[in-house]
Amino acid sequence: MPQHGGVIAIADDLSFELVAHGAGASIYVMDHDKQADVSRLRGKLTVLNGVVKSEGELMPAGGNKLDAAVKLEKGAKAVATISLPSGKAIAVRF
(Lines give C-alpha, C1' and ligand atoms only; values in the text may rest on other atoms or scores of the structure.)
Protein backbone atom coordinates (compact mmCIF):
# COMPACT_ATOMS: atom_id res chain seq x y z
CA MET A 1 0.00 0.00 0.00
CA PRO A 2 1.41 3.43 -0.91
CA GLN A 3 2.00 5.55 2.20
CA HIS A 4 2.66 8.80 0.32
CA GLY A 5 0.23 8.55 -2.62
CA GLY A 6 2.82 7.28 -5.05
CA VAL A 7 3.55 4.17 -7.09
CA ILE A 8 5.13 1.11 -5.44
CA ALA A 9 7.77 -1.19 -6.94
CA ILE A 10 9.64 -4.06 -5.29
CA ALA A 11 13.29 -4.88 -5.99
CA ASP A 12 15.96 -6.79 -4.06
CA ASP A 13 13.57 -7.41 -1.11
CA LEU A 14 13.01 -3.66 -0.69
CA SER A 15 9.89 -1.61 -1.39
CA PHE A 16 10.26 1.67 -3.29
CA GLU A 17 7.52 4.31 -3.52
CA LEU A 18 7.92 6.95 -6.23
CA VAL A 19 6.10 10.22 -5.47
CA ALA A 20 5.90 13.32 -7.68
CA HIS A 21 5.94 16.78 -6.10
CA GLY A 22 6.27 20.32 -7.42
CA ALA A 23 10.06 20.50 -7.25
CA GLY A 24 10.75 17.01 -8.52
CA ALA A 25 10.34 13.45 -7.30
CA SER A 26 10.98 11.45 -4.15
CA ILE A 27 11.53 7.76 -3.54
CA TYR A 28 10.69 6.32 -0.12
CA VAL A 29 12.47 3.05 0.70
CA MET A 30 11.02 0.41 3.03
CA ASP A 31 12.68 -2.79 4.24
CA HIS A 32 10.02 -5.29 5.37
CA ASP A 33 7.60 -2.62 6.70
CA LYS A 34 10.41 -0.62 8.35
CA GLN A 35 11.95 2.59 7.05
CA ALA A 36 15.28 1.81 5.39
CA ASP A 37 18.37 3.88 6.16
CA VAL A 38 19.13 5.63 2.87
CA SER A 39 21.84 7.96 4.20
CA ARG A 40 24.57 6.09 2.28
CA LEU A 41 22.60 5.44 -0.92
CA ARG A 42 23.11 7.33 -4.16
CA GLY A 43 21.61 6.92 -7.57
CA LYS A 44 19.93 8.29 -10.65
CA LEU A 45 16.27 8.65 -11.62
CA THR A 46 15.59 8.49 -15.35
CA VAL A 47 12.13 9.66 -16.42
CA LEU A 48 10.46 9.28 -19.80
CA ASN A 49 7.58 11.77 -20.20
CA GLY A 50 6.26 10.77 -23.62
CA VAL A 51 9.32 11.12 -25.85
CA VAL A 52 11.14 13.54 -23.51
CA LYS A 53 13.83 11.89 -21.38
CA SER A 54 15.24 13.55 -18.27
CA GLU A 55 17.57 12.45 -15.49
CA GLY A 56 18.19 13.57 -11.95
CA GLU A 57 20.61 12.54 -9.25
CA LEU A 58 18.99 10.77 -6.28
CA MET A 59 20.28 12.07 -2.96
CA PRO A 60 19.33 11.26 0.66
CA ALA A 61 16.75 13.73 1.99
CA GLY A 62 16.28 12.51 5.57
CA GLY A 63 14.66 9.40 6.96
CA ASN A 64 13.96 6.86 4.24
CA LYS A 65 13.61 9.40 1.43
CA LEU A 66 15.71 10.02 -1.68
CA ASP A 67 15.05 13.17 -3.74
CA ALA A 68 15.74 14.00 -7.38
CA ALA A 69 15.25 17.30 -9.20
CA VAL A 70 13.45 15.78 -12.18
CA LYS A 71 9.90 16.50 -13.38
CA LEU A 72 7.55 13.53 -13.14
CA GLU A 73 4.43 13.93 -15.27
CA LYS A 74 1.31 11.80 -14.85
CA GLY A 75 1.69 8.61 -16.89
CA ALA A 76 5.49 8.91 -17.13
CA LYS A 77 7.74 5.88 -16.99
CA ALA A 78 10.69 5.95 -14.61
CA VAL A 79 13.72 3.84 -13.73
CA ALA A 80 15.75 4.38 -10.58
CA THR A 81 19.28 3.00 -10.45
CA ILE A 82 20.38 2.96 -6.82
CA SER A 83 23.91 2.14 -5.64
CA LEU A 84 24.21 0.39 -2.28
CA PRO A 85 27.23 0.95 0.01
CA SER A 86 28.41 -2.57 -0.90
CA GLY A 87 28.79 -1.44 -4.51
CA LYS A 88 25.79 -3.43 -5.72
CA ALA A 89 23.31 -1.56 -7.92
CA ILE A 90 19.53 -2.02 -7.88
CA ALA A 91 17.35 -1.08 -10.86
CA VAL A 92 13.75 -0.21 -9.95
CA ARG A 93 11.14 0.27 -12.72
CA PHE A 94 8.00 2.33 -12.17
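# Reading the terms in this structure

Visitor: What makes Lys44 count as partly exposed?

Guide: Its relative accessibility is 36%, and the label partly exposed belongs to values between under 20%, which is buried, and over 50%, which is exposed, so Lys44 is placed in the middle class. Please keep in mind that this is a predicted model.

Visitor: How do you know that Glu55 forms a salt bridge with Lys44?

Guide: The closest N and O atoms of Glu55 and Lys44 are 3.7 Å apart, and the cut-off for a salt bridge is 4 Å between a side-chain nitrogen of Lys or Arg and a carboxyl oxygen of Asp or Glu, so the pair qualifies. Glu55 sits in strand β6 (residues 52-60) and Lys44 in strand β5, so that the pair links distant parts of the chain, 11 residues apart. Glu55, like its partner, is partly exposed, with a relative accessible area of 44%.

Visitor: How many salt bridges does the count come to by this rule?

Guide: The count is 3. One of them joins the side chains of Asp12 and Lys88, whose N to O distance is 2.8 Å. Since Asp12 belongs to the loop between β1 and β2 while Lys88 belongs to the loop between β8 and β9, this pair ties together parts that are 76 residues apart in sequence. With relative accessibilities of 39% for Asp12 and 41% for Lys88, each is partly exposed. Another salt bridge is formed by Asp67 and Lys65, with the closest N and O atoms 4.0 Å apart, and Asp67 is partly exposed at a relative accessible area of 25%.

Visitor: What makes the phi of Asp12 worth pointing out?

Guide: Most residues other than glycine have a negative phi. Asp12 is not a glycine, although its phi is positive, at about 55°. Asp33, in the loop between β3 and β4 (34-35), likewise has a positive phi, near 70°, and is a residue other than glycine.

Visitor: Why does Asp33 count as exposed?

Guide: The relative accessibility of Asp33 is 76%, and exposed means over 50%, so Asp33 meets that cut-off.

Visitor: How do you know that Glu17 has no salt bridge?

Guide: The nearest side chain of opposite charge, that of Lys65, is 11 Å away, whereas a salt bridge requires a distance within 4 Å, so the rule is not met although Glu17 is buried. Glu17 lies in strand β2, and its side chain reaches the backbone nitrogen of Gln3 at 3.1 Å. The backbone nitrogen of His4 is 2.8 Å from a polar atom of the Glu17 side chain; because the cut-off for a polar contact is 3.5 Å, both distances fall within that limit. Setting aside residues up to four places away in sequence, Glu17 touches a group of residues including Pro2, Gly5, Val7, Ile27 and Tyr28.

Visitor: Which residues touch the most other members of the largest nonpolar core?

Guide: They are Phe16, Ile27, Leu45 and Phe94, in a core of 25 residues. Strands β1 (7-11), β2 (14-21), β3 (24-31), β5 (42-49), β7 (65-68), β8 (77-83) and β9 (89-93) each give at least two residues to this core. Ile27, apart from its neighbours within four places in sequence, is in contact with residues including Phe16, Leu45, Leu58, Leu66 and Phe94.

Visitor: Why is Leu41 called buried?

Guide: Leu41 has a relative accessible area of 7%, and buried means under 20%, so the label applies. Leu41 is placed in the loop between β4 and β5, and apart from neighbours within four places in sequence it is in contact with Pro60, Leu66, Ile82, Ser83, Leu84 and Pro85. Leu41 and Ala89 are 48 residues apart in sequence and 9.9 Å apart in space, C-alpha to C-alpha.

Visitor: What makes Asn49 count as buried?

Guide: At 17% relative accessibility, Asn49 falls under the 20% limit and is therefore buried. Asn49 lies in strand β5, and a polar atom of its side chain is 3.2 Å from the backbone oxygen of Lys71. Not counting residues up to four places away in sequence, Asn49 touches Lys71, Leu72, Glu73 and Ala76.

Visitor: What is the mean pLDDT of the chain?

Guide: The mean is 93, and 100% of the residues reach 70 or more.

Note on methods: Residues are numbered from 1 along each chain as its sequence is written. This is a predicted model: local features need pLDDT of at least 70, side-chain atom pairs count only at pLDDT 80 or more; totals for chains, interfaces and linings use all residues. Side-chain values use heavy atoms; hydrogens and water are left out. A nonpolar core is a set of buried Ala, Val, Leu, Ile, Met, Phe, Trp, Tyr and Cys residues joined through side-chain atoms within 4.5 Å. Buried means under 20% relative accessible area, exposed over 50%, partly exposed in between (1.4 Å probe, protein chains only). Helices (H or I, at least four residues) and strands (E, at least two) are DSSP runs, numbered from the N terminus. Contact means heavy atoms within 4.5 Å. Lys and Arg count as positive and Asp and Glu as negative; His and the chain ends are not counted. A polar contact is a pair of N or O atoms within 3.5 Å; within protein, one must be able to donate a hydrogen and the other to accept it, and residues adjacent in sequence count only if both atoms are side-chain atoms. pLDDT is the predictor's confidence in each residue, from 0 to 100.
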